[in-house]
2 protein chains.
Amino acid sequence: MPVYSAPVKDIQFVLHDLLKAGESDIPGYQELSREFTAAVLAEAGKLASDVLAPLNAVGDQQGCRLENGTVHTPEGFADAFARIREGGWNGLDLPEEFGGQGLPYLLGTAVGEIMVSANMALNMYQGLTHGAINALLAHGTEDQKATYLPKMVSLEWTGTMNLTEPHCGTDLGLIRTKATPRDDGSYAITGQKIFISAGDHDLARNVIHLVLAKAPGGGEGTRGISLFLVPKFIIDADGEPGVRNAVSVGKIEKKMGIHGNATCVMDYDGATGYLVGELHHGMRAMFTMMNEARIGVGLQGYAQAEAALQNARAYAHERLQGRATSGARNPDGPADPIIVHPDVRRMLLDQKSFVEGARAFTLWGAQLIDRARCNDDAAAEGMISLLTPVIKGVLTDRGFDSTILAQQVFGGHGYIEEWGMSQLARDARIAMIYEGANGIQALDLVGRKLARDGGKHVMAFFELVRNFIDENAADAALKADFLDPLAKASKDLQAAGRYFMETGMKDPDAALSGSYDFMHLFGHVCLGLMWARMARVAKAALEDGAADRNFYQAKLATGRYYMTRQLPATSLHLARIQSGGAPVMSLEAQDF
Amino acid sequence: MPVYSAPVKDIQFVLHDLLKAGESDIPGYQELSREFTAAVLAEAGKLASDVLAPLNAVGDQQGCRLENGTVHTPEGFADAFARIREGGWNGLDLPEEFGGQGLPYLLGTAVGEIMVSANMALNMYQGLTHGAINALLAHGTEDQKATYLPKMVSLEWTGTMNLTEPHCGTDLGLIRTKATPRDDGSYAITGQKIFISAGDHDLARNVIHLVLAKAPGGGEGTRGISLFLVPKFIIDADGEPGVRNAVSVGKIEKKMGIHGNATCVMDYDGATGYLVGELHHGMRAMFTMMNEARIGVGLQGYAQAEAALQNARAYAHERLQGRATSGARNPDGPADPIIVHPDVRRMLLDQKSFVEGARAFTLWGAQLIDRARCNDDAAAEGMISLLTPVIKGVLTDRGFDSTILAQQVFGGHGYIEEWGMSQLARDARIAMIYEGANGIQALDLVGRKLARDGGKHVMAFFELVRNFIDENAADAALKADFLDPLAKASKDLQAAGRYFMETGMKDPDAALSGSYDFMHLFGHVCLGLMWARMARVAKAALEDGAADRNFYQAKLATGRYYMTRQLPATSLHLARIQSGGAPVMSLEAQDF
């Protein structure tokens, strides 16, 4: 049975040492004192360890079942969900106006990591609701907000996002679900949606579906798409769930993982729906909520990796096998713990240096969102918009790889379900696919985000890296271990950017052939930047005589590992990018 | 439902164009005409497509169950296994003396790929038997061979290998299973073994377990280990299964994949066992059969990748989504097939260039085994001994990665079990773990194989690469596209080898910190060599006016992809190796 304990100290290191949350000028950040975040994170950690984590394997084994049109979640999920609801966790970073606590998204994200690490499948019921709330906050009418948001913020009702249909996922212009206007201003929604996470369940009294559909009079393709709100039970005059709407669950998919979350085929058969946002501008409504949803999925990647790492580390300390080459470390035992072996350490350090870098990257991203939203800061909005596909694509790819490494540390036991490492890998796998498959993230990055606003956001990123390097160049040790490798990696990224500028217009396929490598190259530079920044604050803490010297020294050692063993991958990515389109495009389709 | 069709043409390309099997001086190879291998491979392919592949998902869904001490395999497995038995497939490359057909191991391996691609879990019952047969051929007494081999070759009985115990896998010196001598020359075997693939089942009349145990008077650690044969039913005077032996199945493990194969906990409670080979030299007996077993596992890696690639390719042709940047390819349809998109092509080419390179590498390895065995060729034996950990470690790691890529091509459908891509990935995952986890393969390569016989085998490998480059240097196109990149990669490998020579003795941890990277660096050079050799023969075929020009041109294009996009990874591996032990060893164990 896998263990989980919230890494409060590591999270606080990012919030306070790195991001200086309490000292920020972002509205609401003044509340984020070390004492306050310690209390919130500890409380979340208690819920995670005591309630959510023990149900993770139960959810995997039992899965969800459809009986007489109703989805039943695994044993214990309803009680645990009630605990999340009663604790007010969903509203932590949502507006007070609708019953939330109005705390920064940064803190909500930190708490989110803990919940996702403990039980990703269960947390998705809440996560999807969060996404739907954001869409309504941005695009709902005042009436819609008043009717739906208080109940969704409190988790009395949950939400879903309905985009995909059997014949289209990425290419939403092809959707067939129809919205027919009715006289009362509502629409009749008819069609089939698939892969609807948390599509139905027994955890809440109502489910509020947000559905993309085509209403008459829209253009071809994505221009004809609108967004509709379709409640499972139509709200009555008292604001309570009333008549059952004409939406039903066709089936629950059998999946590789996240069995505890019901992935539903949803059948809309003239269901009553209400327009959200402007008619024929549903894609825009979807996109405004995309950043947060994608960052939430990136978070799933490293949160599963964190859970896996905790278990791999524990196993590496306990499992006795072989002897250290430098002499027995456990001479009285039959063998040494496997953490003495260099290759086991390599596997753990790959995981650790990734997870800690990814956490810093994600929380920095969350801070940018707060800044964009609360300070109306266009530069912050541009930066997070640029970084979002990187967070989503890179953190889910490498998060999955990390769970595979953790499984490998367990040897044969890693393959046996009861040890729990298989589930973490199987659950993590979905994050590379949903909310825009990672190839789509790379396309978004190279095809859209790079050139946005004349390329000014990527320029701002380079400047940020350069300024950090310049400001700290006097520290010789930091320079050698962190700044020089970062400068080299950043140079590779700039060279790749130049390659796209030069070839992108005249040979788009040449640019797109390197999009995936570019996304990972960008991710390496971001994690390298995070490690350089974390190294600087860890050194400062040590120089200031911090009590827990081991903690800060471990940050430095882990960071050096990243800079030495991981960051040099940028050269390989650049070489692939610069090889252009010929290797990828020259084989005829029929000869594959 | 996934499809599978044996890639006969690709296999024949390797057997005949590349390895010139029919023209070889190895005894038995003269039979390997193109006509003969075409007939055998087509027949195997028919069995695979018609019988084995349709049961693959069934095996995954039903798994094995233990009832009243007996293991029941999934529906249809017994009939399919009978078809394998009746076809004489198991004996294809086994000695005629014991009922086999005495054909080269090379051909057996080619057939093995087909069977493993179609149904890995089912094929393991046969594969484990093959391993046990090899151990008995090498170390059994004449009586033992006469009693057991004919029945095992014919698959009337199957075999298993019992090494692992709950507290030890890699470190076999710790095993506790005891062998107590009896007056009649047999031994009483007592202990528990775990992770025993094909440990019990209803496919055959008897199961012959080969068991590592400690007999009195042996030394400490691995020196005290002997190998015993323990039949499920003790053979009676007529040579038939008689009295039930005191060995039973404790439980069947629930695993991430290969559900169709029963992974058993085996309890030995004073079971009758017979010594195989010399007393206290059981490890040696194990090691002689290790090469083939490990190559068989490496084969599983790329065979699963081949099956996954076939399905990803088909999906990429069928799925309509988006448009090619260079103009619609399917203007009358709602969208273009996704194979037009550069990033989808990248995923397919990563898989294709790996699978075809891995097939060539494995079959070359099989040819070396034939040469070593039949021609008593010590150089061939040394070479395959060096390459075995590379085949096992690299092909299973990258084979798994390849199944993950294939799954990714399917988008959301890849995560749904009914599409079959999840199973291929889950099944492939075990190959990185069993038969020596891949970290152990890297240790074997760097700690044992590199320095064996004064390093002469690795020198022979470098010479082989150099000679190939020199012999073909006059071909300018081959040189630019294949030989130059290969020379660069080989130089990286030599630099890594030198690093180990220089640091290995004085700082073993520094060498071992780079062992995994070295294994993958070596693997890249091997696949680069294979692609260069395949390119040469493909060019020759084109120059000779071969009928199927597309086939050979596709080989060249796929090879160029490998050289351009994959092979440059050698620099990254070298950089990591040369960073030495400090990044890996400096973090204190308690600070992980």
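Two strands count as paired if DSSP finds at least two bridges between them. Keep that in mind for the sheet stop on this tour.

**Getting oriented**

You are looking at a predicted model. Its scores are ipTM 0.97 and pTM 0.98. Colour chain A by confidence: the pLDDT there averages 96, and 100% of the residues score at least 70.

**Stop 1: a strand in chain B**

Select residues 206–214 of chain B, which form strand β6. Buried or exposed? Of the 9 residues in β6(B), 8 are buried, so the strand is largely enclosed by the rest of the structure.

Now add the strands it pairs with. Residues 157–162 of chain B make up β3, which pairs with β6(B) in the parallel sense through 6 bridges. Residues 225–231 of chain B make up β7, which runs antiparallel to β6(B) and is joined to it by 7 bridges.

Click on B:Ile208, which has a partner in each of these strands. Opposite it in β3(B) stands B:Gly159, while in β7(B) its bridge partner is B:Pro231.

**Stop 2: a histidine in a helix**

Stay in chain B and select residues 120–139, helix α6, where you will find B:His139. How accessible is B:His139? Its relative accessibility is 21%, and because the cut-off for buried is under 20%, B:His139 counts as partly exposed. Then draw a distance from its C-alpha to that of B:Leu227: the two atoms are 9.6 Å apart, although 88 residues separate them along the chain.

**Stop 3: the nonpolar cores**

Switch to chain A and show A:Phe361, A:Leu387, A:Phe461, A:Phe518 and A:Phe522. These are the residues with the most contacts inside the largest nonpolar core, which has 203 residues. Which helix gives the most to this core? Helix α17 of chain A, residues 515–543, contributes 18 residues.

Zoom in on A:Phe461. Leaving aside residues up to four places away in sequence, its contacts include A:Trp364, A:Met383, A:Leu387, A:Phe522, A:Cys526 and A:Leu529. Another core, of 202 residues, lies apart from this one; B:Phe13, B:Ala215, B:Met256 and B:Leu567 are among its members.

**Stop 4: helix α19 of chain A**

Next, select residues 569–578 of chain A, helix α19. Here 7 of the 10 residues are buried, so the helix is largely enclosed by the rest of the structure. The buried ones are A:Ala569, A:Thr570, A:Leu572, A:His573, A:Leu574, A:Arg576 and A:Ile577.

What do the buried residues of α19(A) pack against? In chain A they meet α15 (476–504), α17 and α18 (549–566), and in chain B they meet α18 (549–566) and α19 (569–578). After the helix, look for A:Gly580, which has a positive phi near 75°.

**Stop 5: where the chains meet**

Show both chains as surfaces. The contact takes 88 residues from chain B and 88 residues from chain A. Together the two chains bury about 7,400 Å², with 60% of that on carbon and sulfur atoms. On the chain B side, highlight B:Tyr415, B:Arg565 and B:Phe592: they lose the most area to chain A, together 13% of what that side buries.

**Last stop: the axis**

Finally, superpose chain B on chain A. A rotation of 180° with 0.0 Å of shift along its axis does it, with an RMSD of 0.0 Å. That is the relation of a two-fold axis. To locate the axis from chain B, go to B:Leu572, whose C-alpha is the nearest in that chain at 3.4 Å. The same surface serves both copies, as 100% of the contact residues of chain B recur in chain A.

Methods: Residues numbered from 1 in each chain as written. Chains lettered and ligands numbered in written order. Predicted model: local features only at pLDDT ≥ 70, side-chain atom pairs only at ≥ 80, totals over all residues. Heavy atoms only, no water. Least-squares fit on C-alpha atoms with pLDDT ≥ 70 in both. Contact = heavy atoms within 4.5 Å. Buried < 20%, exposed > 50% of the residue type's maximum accessible area, 1.4 Å probe, protein only. Helix = DSSP H or I, 4+ residues; strand = E, 2+ residues; numbered from the N terminus. pLDDT = per-residue confidence, 0-100. Core = buried A, V, L, I, M, F, W, Y, C linked by side-chain atoms within 4.5 Å. Buried area = accessible area lost by both parts, 1.4 Å probe.
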